[in-house]
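Please open the structure in your viewer and keep the selection panel at hand. The stops below follow one another, each with a selection to make and a description of what is found there.

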Amino acid sequence: MTGKALPLRTKMATSLSRGAAALSRATGRGDGSVIGGKIGLMIDPDLLANLASGREIALISGTNGKTTTTRLTTAAMGALGQIATNSLGANMPTGHASALAKAGETRYAVLEVDEHYLDQVMTATHPRIVALLNLSRDQLDRAKEVAMMAAGWRMTLAQHPGVHIVANADDPMVAWAASSASSVTWVAAGQRWHDDSWVCPDCGSRIERENDQWWCTGCPLRRPTPQWVAVSGGVIDPAGTYRGIQLQLPGRVNLANAATALAVATFFGVPAITAVPRLAEVASIAGRYATVVREGRTIRLLLAKNPAGWLEAFDMAEPAPTLLSINARDPDGLDTSWLYDVDFSPLRGRRVLITGDRAMDLAVRLEVNDVQFEYVVSFGQALATMPPGWFEVIANYTAFQDIRAELDRVN
Amino acid sequence: MSTESTPTTESHLRLVWIYPDLLSTYGDRGNLLILARRAALRGLGVECVEVRSDSVLPEQGDIYLLGGGEDGPQAMAAQRLAADGGLHRAVVRGAVVFAVCAGYQLLGESFFAKGVQYAGLNLLDIRSDRGPSRAVGELAGEVNSALGIPTLTGFENHGGRTHLGPQAHPLAKVSVGVGNDGTTEGAWRGRVLGTYSHGPALARNPALADLLLLWATGITPAPIDDTWPERLRRERLTAVTSR
């Protein structure tokens, strides 16, 4: 959009969108990341396409790690100048319009996209590159089933042959979806959660796994050879060079997210040697992974929204006292059945506290899982119960936001 | 198939989870875990067997579990179970079957998947078709008094409507949600029981879990500490009646 005149309707929509966002923040009704875009899109239905026009855009999608990978990619691409991004996790078209309107003119944009909206956002924004992280069950009372989602992506990518794809070679669903694209950079980003990819999305046969390989027993689908590999303490780049990364973010999964961010940033011409130290500057994302010190307790916040996310959270968490908080409000999904898809046994032997709207569902689940726990009515009571020292908090979406609000909207 | 070669004894309970590779969508493993725990707390030896759809179904199970699934896998599971024949023989022998959601539908005479009618297993006198809208949300209802267990509470998520024939008894009378048709929910006959309360249905219905154990062993399970399941039941039933 640099140096290009916007249609009058788009200008007006952009201006009103910014105003509404500012009003939302000033009145404390929200962070302004959605309402602005909502109003803007009412005035100019092509607002997103018009705001995207002329920019070089990267889209990041998948079930887990979108927000973090978007932040890491934006950090790495910061070497090229100002980057427009929806950093607050508002990942539907209204959020994209808000983010681009707020950023003003930039050459580049990195946008996190809800996996259901990939087709719509690719059509509106004409990205140069799309990074696909993983697919697993999420919010089962309304989300598309995993195989249907993969099939939708596959069709979308086939319809956008000019777009370069970065995709996780270790997730059979993602690999199958991305193999319809004409140019793909494969990242060995790992897959801890296997329970949504035992059956080949192409032919319905069983998928076998051995070490880091997987293959379909009934058709040629198998793990593509990756160009980027996330390994302990760093990544191996397409030239075979090991690059150590001192991430502040915990867990193996964030090294994988960093590898994806590097694949995107280097595509736009940022040298890996420039990008790597920028990744290390990211400390937390909208409260995720943030540590807060309160009365001698160091509280770390981990967000886990679905079974695959919980497995990753257990991998990151220190063996310290842990609070689990579960809600089932609209943004979380109303169904708590997924609790039985998570094996909570890694928490055995730790002091575990539980809270949240649906703490009773969690209590029954933990009892069945032989994990000892104490029920507390609130985050405040949990804090008062805890001795000084490290204190892990793992919560799903709205439970996480509630706790973050109690910690003065920590970022 | 993860079978342990433990010798079968009088007090040894075999739980068979049918085709988790096809029918396991909404935390369905929960029912297996809950039955195993409640049996173990009564001093029963428990063997859990997970049978994938490419394996022969063992016929000597005491309780068979069927979970939920998408249309394609549901149709495939029904075809493979019909071809296998093991579940029919187990039911004739007196085994218990507990099925939820898609697994419940395929126990009947017929069901619809992807707009096509499929033959079911004819283990329950029910037939399922498509409803005008998807039923998603809390489900509750008074259980048929013949079963002697308290109010059913659960979560449903299905597009089907199920019609009971004269040989099937409704499991419950719906007070919240849709269930079979907005009036009744679930069905049972003999020791075969199905419900639209999906996923870990037994987490909120410990008395139903114990009823299945009673059917399987012939022994009334001794009381155990159900403080947390009872608190969960109260919390859920209060939430749906106060709306």
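In this tour, two residues are in contact when they have heavy atoms within 4.5 Å of each other. The model is predicted.

**Stop 1: Arg206(A)**

Select Arg206(A), which is located in the loop between β6 (184-188) and β7 (207-210) of chain A. What does this residue touch, leaving aside its neighbours within four places in sequence? Its contacts are Trp198(A), Trp215(A), Cys216(A) and Thr217(A) in chain A, together with Arg52(B) and Asp54(B) in chain B. Display the side chains of Arg206(A) and Asp54(B): they make a polar contact at 2.7 Å. Next, show the C-alpha atoms of Arg206(A) and Cys216(A); these residues are 10 apart along the chain, and the atoms are separated by 6.1 Å. Is Arg206(A) buried, partly exposed or exposed? Its relative accessible area is 30%, so it is classed as partly exposed.

**Stop 2: the interface of chain B and chain A**

Now select the residues at the contact of the two chains: 28 from chain B and 23 from chain A. Arg37(B), Arg52(B) and Trp228(B) supply 25% of the area that chain B buries against chain A, more than any other three residues. The total area buried between the chains is about 2400 Å², with carbon and sulfur atoms giving 57% of it.

Turn to the charged pairs. How many salt bridges does the rule find across this interface? There are two. To display one of them, select Glu367(A) and Arg37(B), whose closest N and O atoms are 3.9 Å apart. Between the chains, six residue pairs are in polar contact, counting pairs with both residues at pLDDT 80 or more.

Colour chain B by element. On its side that touches chain A, the elements giving two or more residues are α1 (29-41), β7 (126-143), β8 (152-164) and α6 (227-241). Helix α6(B) provides the largest share, six residues. By class, this side of chain B has 10 nonpolar, seven polar and 11 charged residues.

**Stop 3: Gln74(B)**

Select Gln74(B) in helix α2 (residues 71-84) of chain B. Its relative accessible area is 1%, so Gln74(B) counts as buried. Leaving aside neighbours within four places in sequence, Gln74(B) is in contact with Leu23(B), Ala102(B), Gln105(B), Leu106(B), Phe111(B), Phe112(B) and Ala113(B).

**Stop 4: the two domains of chain A**

Return to chain A and colour domain 1 (47-88 + 100-279) and domain 2 (291-406) separately, following the domain assignment. Their C-alpha centres lie 28 Å apart. At the boundary, 15 residues of domain 1 are in contact with 17 residues of domain 2. The area buried there is about 1500 Å², and carbon and sulfur atoms give 52% of it.

Four salt bridges are found across this domain interface. Five residue pairs between the domains are in polar contact, with both residues at pLDDT 80 or more. The side of domain 1 that touches domain 2 has three nonpolar, six polar and six charged residues. Select also Asp341(A) and Arg137(A), whose side chains meet in a salt bridge with an N to O distance of 3.0 Å.

**Stop 5: salt bridges in chain A**

Side chains of opposite charge can pair when their charged atoms come close. Over all chains, the search of the whole structure finds 32 salt bridges.

Select Arg223(A) and Asp170(A), a salt bridge with closest N and O atoms 2.6 Å apart. Arg223(A) lies in the loop between β8 (213-216) and β9 (228-231), and Asp170(A) in the loop between β5 (164-168) and α8 (172-178), so the pair ties together parts that are 53 residues apart in sequence. Arg223(A) is buried at 10% relative accessibility, and Asp170(A) is buried at 10%.

Continue to Arg252(A) and Glu312(A), whose salt bridge has its closest N and O atoms 3.5 Å apart. The pair links helix α9 (residues 252-267) with helix α11 (residues 307-316) of chain A, and the two residues are 60 apart. Arg252(A) is partly exposed at 35% relative accessibility, whereas Glu312(A) is buried at 12%.

For the last selection, take Arg351(A) and Glu374(A), a salt bridge at 2.9 Å between the closest N and O atoms. Arg351(A) lies in the loop between β14 (322-325) and β15 (352-355) and Glu374(A) in strand β16 (residues 374-375), so this pair ties together parts 23 residues apart in sequence.

Methods:
Residues are numbered from 1 along each chain as its sequence is written. Chains are lettered from A and ligands numbered from 1 in the order in which they are written. This is a predicted model: local features need pLDDT of at least 70, side-chain atom pairs count only at pLDDT 80 or more; totals for chains, interfaces and linings use all residues. Side-chain values use heavy atoms; hydrogens and water are left out. Buried area is the accessible area (1.4 Å probe) that two parts lose on being put together, summed over both. A polar contact is a pair of N or O atoms within 3.5 Å; within protein, one must be able to donate a hydrogen and the other to accept it, and residues adjacent in sequence count only if both atoms are side-chain atoms. Helices (H or I, at least four residues) and strands (E, at least two) are DSSP runs, numbered from the N terminus. Ala, Val, Leu, Ile, Met, Phe, Trp, Tyr, Cys and Pro count as nonpolar, Asp, Glu, Lys and Arg as charged, and the others, Gly among them, as polar. Domain bounds come from an automatic or database domain assignment. Buried means under 20% relative accessible area, exposed over 50%, partly exposed in between (1.4 Å probe, protein chains only).
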